[in-house]
Amino acid sequence: MTMHMPVAGPHTHTLFTVSRTMLTVVAALTPATAFGLYEFGWPAIFLFLTTVISAWLFEVACLWIAKKPIWPFATDGSAILSGWLVAMTLPPYAPWWVGTIGAFIAIVIAKQLFGGLGQNLFNPAMVARAMLVVALPVQMTTWVAPVGLFEGPSFLHGLSITFLGSQEFDAVSSASTLSHIKSQIGAGATMGEIVPQLADLKSRLIGLVPGSLGETSTVLVALGGLLLLVTRIITPTIPLAVLGTLTALSAICSFFAPDRFAPPILHLTSGSTMLCAFFIATDYVTSPVTAAGKWVYGIGIGTLVFVIRTFGAFPEGVAFAVLLMNSVTPLIETYIRPRIFGRSRTGKPLGAGKPAKGAQK
């Protein structure tokens, strides 16, 4: 009898490819991004395009230098997504070179120097954000009020703002919600005096407030996050841990000292809270894979965001919180692991007839 040997081993097929995942995340970000670009106008559009295109070009250059296949890696969408996220953390009227530097940091330093996709220890977009905030505090804290595409700078004026550094937008200069709270608290004001000065809840939810593209429309960013949950690109563990921890800490502190601490609703609808919870903290490469590890990771991020916003020198703590928890992810993965079948939680093999502690007999 003739035996036919298989020419290849069986493989599991899945729809969750790198390119499909990146495309889904980009689709989830598109509504919030499009709304932000419309609200902030041509300067934001030019900065966004510059940042995303620069990220892709840096990716291609690194692949060429490393003699890696350019087409498969350059078309998987990861570089586009990294540049997209960097652009969403920038002030809309920042000059073009800020976006280019941010793209360089994210792709070359935070990603390719670690070995490329899947090898980076830190979230590339957050590395870029943190380094830019520290190195360029003026450019990274210059905010403008959203006035709409047709009421804001014209096409040519937008070009001059982004590429020539025109400063003819002082009339609409403003402070983000968190920046205003931080400066007023530092000046001795109470939350009761600060809250009436802020935009109302509806404006913060829709996105009619100063900030980056990822900080304005809370509703659209959250809806994008729900799309990721529905398509099973992410699980709800990390978002729930981040948002729940931030809500709990701010609620407790504002209850006991309402004049000193911002209430939960301000934390949830200001800054990059939603972007962090759904799009940044859930990064596959830099977050834990176990359910228990994700809870620890998310709780750590939520705690650090609250601490940095409340007691730190920077009004926004998302980037630093994520990077700090990225650095301890290997420890979380080492000490928080599921029990392997046939072994105890310490990794020792179980003897015959000795079920693991807590296991059903």
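# Exercises around Thr177, pockets and cavities

Leaving aside its neighbours within four places in sequence, Thr177 touches Leu198, Arg204, Leu266 and Ser270, where contact means heavy atoms within 4.5 Å. You're looking at a predicted model, where local features need pLDDT of at least 70 and side-chain atom pairs count only at pLDDT 80 or more, while totals for chains, interfaces and linings use all residues. Residues are numbered from 1 along each chain as its sequence is written, and side-chain values use heavy atoms, with hydrogens and water left out.

**Exercise 1. Work out where Thr177 sits and what its helix packs against.**

*Step 1.* Start with the record: UniProt, in an unreviewed entry, lists Thr177 for "modified residue: FMN phosphoryl threonine". UniProt positions use the numbering used here, feature names are shortened, and annotations may be inferred rather than shown by experiment.

*Step 2.* Thr177 belongs to helix α8, residues 177-186. Helices (H or I, at least four residues) and strands (E, at least two) are DSSP runs, numbered from the N terminus.

*Step 3.* Is Thr177 buried or exposed? Thr177 has a relative accessible area of 10%, so it counts as buried. The cut-offs are under 20% relative accessible area for buried and over 50% for exposed, with partly exposed in between (1.4 Å probe, protein chains only).

*Step 4.* Now widen the view to α8, whose buried residues are Thr177, Leu178, Ser179, His180 and Ile181. They pack against β1 (143-144), α9 (191-194), α10 (201-206), α13 (264-268) and α15 (291-311). Just after α8 you'll find Gly188, with a positive phi of about 100°.

**Exercise 2. Describe the two largest pockets.**

*Step 1.* Set the terms. On a 1 Å grid over the protein atoms alone, a pocket is an open set of points with protein on both sides within 12 Å along at least five of seven lines; a cavity is a set where a 1.4 Å probe fits but cannot get out; lining residues have an atom within 4 Å of a point. Grid points are joined across faces, edges and corners, and a volume is the space filled by probe spheres set on the points.

*Step 2.* The largest pocket holds about 460 Å³. It is lined by 25 residues, and those closest to its centre are Met22, Leu81, Asp283, Tyr284 and Val285. At least two lining residues each come from α1 (18-40), α4 (78-88), α6 (124-135) and α14.

*Step 3.* Sort that lining by class: 16 nonpolar, seven polar and two charged residues. Here Ala, Val, Leu, Ile, Met, Phe, Trp, Tyr, Cys and Pro count as nonpolar, Asp, Glu, Lys and Arg as charged, and the others, Gly among them, as polar.

*Step 4.* The second largest pocket comes to about 340 Å³. Its 23 lining residues include Arg129, Thr141, Trp143, Ser179 and Pro315, which lie nearest its centre. Which helix gives the most to this lining? That's α8, with three residues. By class, the lining has twelve nonpolar, eight polar and three charged residues.

**Exercise 3. Look at helix α14, then at the cavities it helps to line.**

*Step 1.* Helix α14 spans residues 273-280, and eight of the eight are buried, so the rest of the structure largely encloses it.

*Step 2.* How many cavities of 30 Å³ or more are there? The count is three.

*Step 3.* The largest cavity has a volume of about 70 Å³. Among its lining residues are Leu275 and Ile280, and α6, α14 and α16 each supply at least two. The class tally is five nonpolar, two polar and three charged.

*Step 4.* The second largest cavity has about 50 Å³. Of its 14 lining residues, Gly214, Glu215, Thr218, Gly271 and Met274 lie nearest the centre. The largest share, three residues, comes from α14. By class, this lining has four nonpolar, nine polar and one charged residues.

**Exercise 4. Place Leu113 and check the confidence of the model.**

*Step 1.* Leu113 is in the loop between α5 (96-109) and α6. With a relative accessible area of 65%, Leu113 is exposed.

*Step 2.* Follow Leu113 to Cys62: they're 51 residues apart in sequence and 9.0 Å apart in space, C-alpha to C-alpha.

*Step 3.* Finish with pLDDT, the predictor's confidence in each residue, from 0 to 100. The chain has a mean pLDDT of 88, and 89% of its residues reach 70 or more. Among its elements, α5 has the highest mean (97) and strand β2 (residues 173-174) the lowest (66). Where pLDDT is low, the predicted coordinates shouldn't be read in detail.
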